[in-house]
Amino acid sequence: MKDTKEQFKHVITTCRDLFAKKLHDYGAAWRIMRSSSVTDQLFIKANRIRSIEIKGVNLVNEGIRPEFMAIVNYGIIGLIQLELGYAEKEDITEAQALELYDKYAKDAMELMLRKNHDYDEAWRSMRITSYTDLILMKLYRTKQIEALSGNTLVSEGVDANYMDMINYAVFALIKLEFGE
């Protein structure tokens, strides 16, 4: 499966399946999260990946693959939260949550395809550890944008950073599943 679009769809489908199962088990409890809390959750996941990459061992019986999947899913949750704002309680159905998931997954894929065209699939030559570092950098940028209440001078907003994190995590998952 060499086609980037098909590989992207495959990875997103796997992430969506996990999202749907968790949605069934927990509902949309994440709706109470403010954007800054979503950013912190993404930071925890990316930081754990980096820790495992550096130490070469993990003591919790999960590797980096589930963490990259979580980055995809929390990135999409972040985009949903930016659109809807946070809620005081769960306020959307499973069907509505999945519809929003699909919308942002599609937006992420379209962005990836545009950038992939311009960059000639340079991501395929990168190391997975570089995706981790780029995600962490995007998280530090996002935290700064949040600290500025979104009042940037020249930078893209939190949404663009979430999109990039989703796409870097998808690239890592493609490499983990399909190899170099």
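Select Asn161. This residue is buried, with a relative accessible area of 4%, where under 20% counts as buried. The model is a predicted one. Asn161 sits in helix α6, residues 158-178. Now show what surrounds Asn161. Beyond its neighbours within four places in sequence, Asn161 contacts Lys138, Arg141, Thr142, Ile145 and Glu156. Add Tyr140 and draw a C-alpha to C-alpha distance to Asn161: 10.0 Å in space, for 21 residues in sequence.

**Helices α3 and α6**

Stay with α6 and add helix α3, residues 65-84. How do the two axes cross? They come within 9 Å and cross at roughly 155°. Angles over 145 degrees count as roughly antiparallel, and α3 and α6 are therefore roughly antiparallel to each other. The crossing of α3 past α6 is left-handed.

Show side chains at this contact. On the α3 side, select Arg65, Phe68, Met69, Ile71, Val72, Gly75, Ile76, Gly78, Leu79 and Leu82. On the α6 side, select Val158, Asp159, Tyr162, Met163, Met165, Ile166, Ala169, Val170, Ala172, Leu173, Leu176 and Glu177. Colour by residue class: the contact of α3 with α6 has 17 nonpolar, two polar and three charged residues.

**Helices α2 and α5**

Next, select helix α2, residues 35-55, and helix α5, residues 128-147. Their axes are 9 Å apart and the packing angle is about 150°. This pair is therefore roughly antiparallel as well: α2 against α5. Here too the crossing is left-handed, with α2 passing α5.

From α2, the contact uses Ser35, Ser36, Thr39, Asp40, Leu42, Phe43, Ala46, Asn47, Ile49, Arg50 and Glu53. From α5, pick Ile128, Thr129, Thr132, Asp133, Ile135, Leu136, Leu139, Tyr140, Thr142, Lys143 and Glu146. Which classes do these residues fall into? The contact of α2 with α5 divides into nine nonpolar, seven polar and six charged. Two residues from the first stop return here: Tyr140 and Thr142 are both in the α5 part of this contact.

**Thr4**

Go to helix α1, residues 4-26, and select Thr4. Is Thr4 buried or exposed? Thr4 is buried, at a relative accessible area of 5%. Leave out residues up to four places away in sequence, and Thr4 touches Met112, Asn116, Glu121, Trp123 and Arg124.

**Two loop residues with positive phi**

Select Asp120. Asp120 lies in the loop between α4 (94-119) and α5. Check its backbone: phi is near 50°, a positive value in a residue other than glycine. Asp120 is exposed, with a relative accessible area of 66%.

Then select Ser149, in the loop between α5 and α6. Ser149 is not a glycine, yet its phi is positive, about 55°. Its relative accessibility is 61%, so Ser149 counts as exposed.

**The whole chain**

Clear the selection and zoom out. What does the chain hold? Six helices and zero strands. Along the sequence the pattern reads α-α-α-α-α-α. The C-alpha trace spans about 45 × 40 × 35 Å along its principal axes. The radius of gyration is 16 Å, which agrees with the value near 16 Å for a compact globule of 180 residues.

Finally, colour by accessibility. Buried residues make up 43% of the 180 residues. Then turn to the contact map and keep pairs at least 6 apart in sequence: 81% of those contacts join residues at least 24 apart.

Definitions and conventions
Residues numbered from 1 in each chain as written. Predicted model: local features only at pLDDT ≥ 70, side-chain atom pairs only at ≥ 80, totals over all residues. Heavy atoms only, no water. Axes fitted to C-alpha atoms, helices over the stretch in contact; angles between N-to-C directions. Helix = DSSP H or I, 4+ residues; strand = E, 2+ residues; numbered from the N terminus. Parallel < 35°, antiparallel > 145°, perpendicular 65-115°, else oblique. Left-handed = near helix turned anticlockwise from the far one by under 90°. Contact = heavy atoms within 4.5 Å. Nonpolar A, V, L, I, M, F, W, Y, C, P; charged D, E, K, R; others polar. Rg over C-alpha atoms; globule rule 2.2 N^0.38 Å. Buried < 20%, exposed > 50% of the residue type's maximum accessible area, 1.4 Å probe, protein only.
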